[in-house]
Amino acid sequence: MKRFIRTIWRWFVSWNIGLFSALISLFAFRLPFFISFLIGVSVGVIYSVYMKKKEKKDRLHDFKDERLKDAKKKVRKIGQSLWRIRSISMFSKLSRLYSICQKIVEIVEKQPDRLAVAQPFFNTTLDSIVTIIDKYIYLTKQPVKSEEIRQAMREAEGALDLALMKAENELLDMLEEDLFDLKTEVKLVKHTIASDDPFSLPTKHTITVTEEKKHEQKR
């Protein structure tokens, strides 16, 4: 429905702009009716195409913002769960997981183009991490634990180990482009310094005491 309304609005605006352009061409510049008509149609079509591209760009921007907000919300849940964990080893594990996920979100926030790279991690791994943590904390707070519950908790801890490895690899993949840029800049600087002509540097001429005396004697 919203798409239909946007289309009608785009046609309405484009039609009015095209009509206004045709009237200006006809009465202000006194161009022939047919030429004014063609100018109006051309301007209307061009503006319609412009509006369509702008709508597509805005929708893509809104989509990225929504995905990023959802990812930040999930990472925030991981951070909040730290204070509900009783195990020191699990606290350390989740603390590192939270730090890495937060760093991934920060990179995407500063460079939105990298959302496409991080999107699979946000949609699958991050969502699974939050679910596992919630279930794990729920089981730890039960007053009675059977062997089956303990086994499920051990499996959850193992799954979080795998999730931590996945998060580390994801962060490394995102830093790979920055690492490549840094190496390129370093090579460029080294090449520039190595290619400088040492003889092009200005030389300082010093006058010794003997030369000064000889110069005074000549005077």
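1. Which pattern does the protein chain follow when it is read along the sequence? The answer is α-α-α-α-α-α, and the secondary structure accordingly comes to six helices and zero strands. Please keep in mind throughout that this is a predicted model, and that every value in this note was computed from it.

2. On the chain as a whole, buried residues make up 26% of the 219 residues. The accessible surface comes to about 17,000 Å², and carbon and sulfur atoms account for 62% of that area. If one takes the contacts between residues with a separation of 6 or more, 68% of them join residues that are 24 or more positions apart.

3. The interior is a good place to look next. The largest nonpolar core has 33 residues, and the members that touch the most other members are Leu94, Ile104 and Phe122. Four helices, namely α2, α3 (88–110), α4 (115–140) and α5 (147–194), each supply at least two residues of this core, with the largest share, ten residues, coming from α4.

4. Which residues does Phe122 touch, once those up to four places away in sequence are not counted? They are Ala71, Lys74, Ile104, Val105, Val108, Leu115 and Asp127, so this list, by the definition of a contact, names residues that have heavy atoms within 4.5 Å of Phe122. Ile104 deserves a second look in the viewer, since it also appears with Phe122 among the core members that touch the most others.

5. Asp127, one of the residues touched by Phe122, lies in helix α4. Is Asp127 buried, exposed or partly exposed? Its relative accessible area is 36%, and because this value falls between the cut-offs of 20% and 50%, Asp127 counts as partly exposed. Not counting residues up to four places away in sequence, Asp127 touches Lys74 and Phe122. Asp127 and Lys74 are 53 residues apart along the chain, yet their C-alpha atoms are separated by 7.1 Å. Lys74 is also touched by Phe122, which makes these three residues convenient to display together.

6. Ser81 is found in helix α2, and it offers a contrast in accessibility to Asp127. With a relative accessibility of 1%, Ser81 counts as buried, because the cut-off for that word is under 20%. Leaving aside neighbours within four places in sequence, Ser81 is in contact with Leu94, Ile133 and Ile137. Leu94 has already been met as one of the core members that touch the most other members.

7. A point on the backbone concerns Arg30, which lies in the loop between α1 and α2. The phi of Arg30 is near 55°, a positive value in a residue other than glycine. Most residues other than glycine have a negative phi, so a student checking the backbone may wish to look at this position. Arg30 is exposed, because its relative accessible area of 73% is over the cut-off of 50%.

8. Finally, there is the question of empty space. The largest pocket has a volume of about 300 Å³. Of the 15 residues that line this pocket, the closest to its centre are Trp15, Gly18, Phe37, Gly40 and Val41. The elements that give two or more residues to the lining are α1 (2–28) and α2 (33–81), and the largest share, eight residues, comes from α1. How many residues of each class does the lining have? It has ten nonpolar, five polar and no charged residues.

Technical notes: Residues numbered from 1 in each chain as written. Predicted model: local features only at pLDDT ≥ 70, side-chain atom pairs only at ≥ 80, totals over all residues. Heavy atoms only, no water. Buried < 20%, exposed > 50% of the residue type's maximum accessible area, 1.4 Å probe, protein only. Areas by Shrake-Rupley, 256 points an atom, 1.4 Å probe, with all protein chains shown as cover. 1 Å grid on protein atoms, 1.4 Å probe; cavity = no way out; pocket = protein on both sides within 12 Å on 5 of 7 lines; lining within 4 Å. Points joined across faces, edges and corners; volume = space filled by probe spheres on them. Nonpolar A, V, L, I, M, F, W, Y, C, P; charged D, E, K, R; others polar. Core = buried A, V, L, I, M, F, W, Y, C linked by side-chain atoms within 4.5 Å.
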